[in-house]
Amino acid sequence: MNISIIGTGYVGLVTGTCFSDLGFQVTCLDLDRQKIDGLKKGVIPIYEPGLENLVQKNARAKRLFFSTDTKNTVKDSDVVFIAVGTPPVLSKVGAADLSYVFDAAKDIAESLEGYTVIVTKSTVPVDTAKKLEAIIRDVNPIVEFDVVSNPEFLREGSAIEDFMRPDRVVVGCRTERAEKVMRTLYQPLFQLETPIVFTSPESSELIKYAANSFLATKITFINQIADLCEKCDANVNDVALGIGLDTRIGKKFLNAGPGYGGSCFPKDTLALAATARDFDVPL
Ligand SMILES: NC(=O)c1ccc[n+]([C@@H]2O[C@H](COP(=O)([O-])OP(=O)(O)OC[C@H]3O[C@@H](n4cnc5c(N)ncnc54)[C@H](O)[C@@H]3O)[C@@H](O)[C@H]2O)c1
């Protein structure tokens, strides 16, 4: 299968490189010509252990390509991943800015030829798949396509290992045709007995936000327990160990410290709260 990836940032580059390493023909696309020119010469714009070797190996094997030509790449693709950014908007507290995702969908819609599966890897709020279906149908009323949600759970610093040996793969799709394509894509991981959760796009979209928000909550929880420990002569590291050994709780994300940060937790927790307000279920 031919795969194209719209957005060659952290997620797009890792996803594209790993799928090419699994044997697919992949083209990573970006609007940033300088980034694409650099990647064609083997210059990797981010530091991620093992990524440089994997990019160079698959580019040499002619499975991994880089381009700015969305139109011609998408028309020959069986699967198109959207991996563009979804930062917070300034106009509405916490809500995710979907303008990059919608622009990418319009670019894709104009170029589709033949049945294509369009997959959101970007972290997007519930109902985005429905909105993408409407945008694509509006621009290109006759083409056959499915929109699938396939959120990414990789951690920066161990992104390749997380892609190749994930705890689970989550796929939200509505048709058997799209499910078959997604099963073929992830077949090499299923052979390693990776659990796969097939569900609706709406559940899949919510799984990503719920997962990040749960992990952020664990960090915040242990920090509040740390504040209490400082007042009552308890040791938060011992408390974390004592509760974390309970398999229902788990040891990870129970390190008291400065709080959560990074590129995803702050925006994703705010976006989940914004979505909940939209549905009149404040969290
Ligand atoms: N970084 C992470 O650890 C991580 C993990 C899981 C999920 N995510 C999610 O994945 C998404 C992407 O995150 P990222 O960190 O890879 O973003 P990023 O900012 O590193 O990359 C986005 C890329 O998309 C390109 N782009 C934007 N619009 C485009 C268009 N129309 N056509 C082609 N290219 C376009 C930009 O030039 C940029 O290079 C976000 O929704 C994020 O929340 C990120």
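Hi everyone, let's start with a serine: Ser-213 is found in helix H9, which covers residues 201–232. Before I go on, please keep in mind that what you have on screen is a predicted model. Now, is Ser-213 buried or exposed? Ser-213 counts as buried, because its relative accessibility is 9% and the cut-off for buried is under 20%. What does the side chain of Ser-213 reach? The partner is the backbone oxygen of Tyr-209, at 2.8 Å.

Let's walk off the end of H9. Asp-233 sits in the loop between H9 and helix H10, the latter being residues 236–244. The backbone here deserves a look: the phi of Asp-233 is near 60°, a positive value in a residue other than glycine. For context, most residues other than glycine have a negative phi. Asp-233 is also exposed, since its relative accessible area is 79% and exposed means over 50%.

There is a second case of this kind. Phe-253 has a phi near 65°, again positive and again in a residue other than glycine. You'll find Phe-253 in the loop between H10 and helix H11, which runs over 265–278. With 31% relative accessibility, Phe-253 counts as partly exposed.

While we are in that loop between H10 and H11, let me point out Ser-263, which lies there as well. Ser-263 is partly exposed, at 43% relative accessibility. Which side chain does the side chain of Ser-263 make a polar contact with? That would be the side chain of Glu-156, at 3.4 Å. Along the chain, Ser-263 and Glu-156 are 107 residues apart, and their C-alpha atoms are separated by 9.4 Å.

For a contrast, take Gly-244, placed in helix H10. Gly-244 counts as buried, with a relative accessibility of 4%. Its C-alpha atom and that of Tyr-100 are separated by 39 Å, and the two residues are 144 apart along the chain.

Now to the helix I'd most like you to zoom in on, H8. How far does H8 span between its end C-alpha atoms? H8 takes in residues 176–190, and a straight helix of 15 residues would span 21 Å at 1.5 Å a residue, yet H8 spans only 18 Å. Looking along H8, you will see a kink of about 40° at Thr-184, shortly before the proline Pro-188. Which residues of H8 are buried? Among them are Ala-178, Val-181, Met-182 and Leu-185, and the list also includes Tyr-186, Leu-189 and Phe-190.

On to the ligand, which I suspect is what many of you came for. There are 22 residues around the ligand, and Val-11, Asp-30, Lys-35, Thr-86 and Lys-267 come nearest. By class, that shell has eight nonpolar, seven polar and seven charged residues.

Let's go through some polar atom pairs. A polar side-chain atom of Asp-30 lies 2.6 Å from an oxygen atom of the ligand. From the backbone, a polar atom of Tyr-10 is 3.0 Å from a ligand oxygen atom. Thr-123 offers a backbone N or O atom that lies 2.9 Å from an oxygen atom of the ligand. And how much of the ligand does the protein bury? Taken alone, the ligand exposes 850 Å², and the protein buries 83% of that.

Let me finish with Val-11, one of the residues that come nearest to the ligand. Val-11 has its place in helix H1, residues 10–21. At 23% relative accessibility, Val-11 counts as partly exposed. Two phenylalanines are worth checking against Val-11. Phe-153 is 142 residues from Val-11 in sequence, and 9.5 Å from it in space, C-alpha to C-alpha. Phe-163 is 152 residues from Val-11 along the chain, with a C-alpha separation of 9.9 Å. Phe-163 itself lies in helix H7, residues 159–164. Phe-163 is buried, because its relative accessible area is 4%, and buried means under 20%.

That's my tour, so thanks for listening, and do rotate the model yourselves.

Terms used: Residues numbered from 1 in each chain as written. Predicted model: local features only at pLDDT ≥ 70, side-chain atom pairs only at ≥ 80, totals over all residues. Heavy atoms only, no water. Helix = DSSP H or I, 4+ residues; strand = E, 2+ residues; numbered from the N terminus. Expected span 1.5 Å × (residues − 1). Bend = angle between axes of the 7 residues up to and from the residue. Buried < 20%, exposed > 50% of the residue type's maximum accessible area, 1.4 Å probe, protein only. Near = heavy atom within 4 Å. Polar contact = N/O pair within 3.5 Å; in protein donor to acceptor, adjacent residues only side chain to side chain. Areas by Shrake-Rupley, 256 points an atom, 1.4 Å probe, with all protein chains shown as cover. Nonpolar A, V, L, I, M, F, W, Y, C, P; charged D, E, K, R; others polar.
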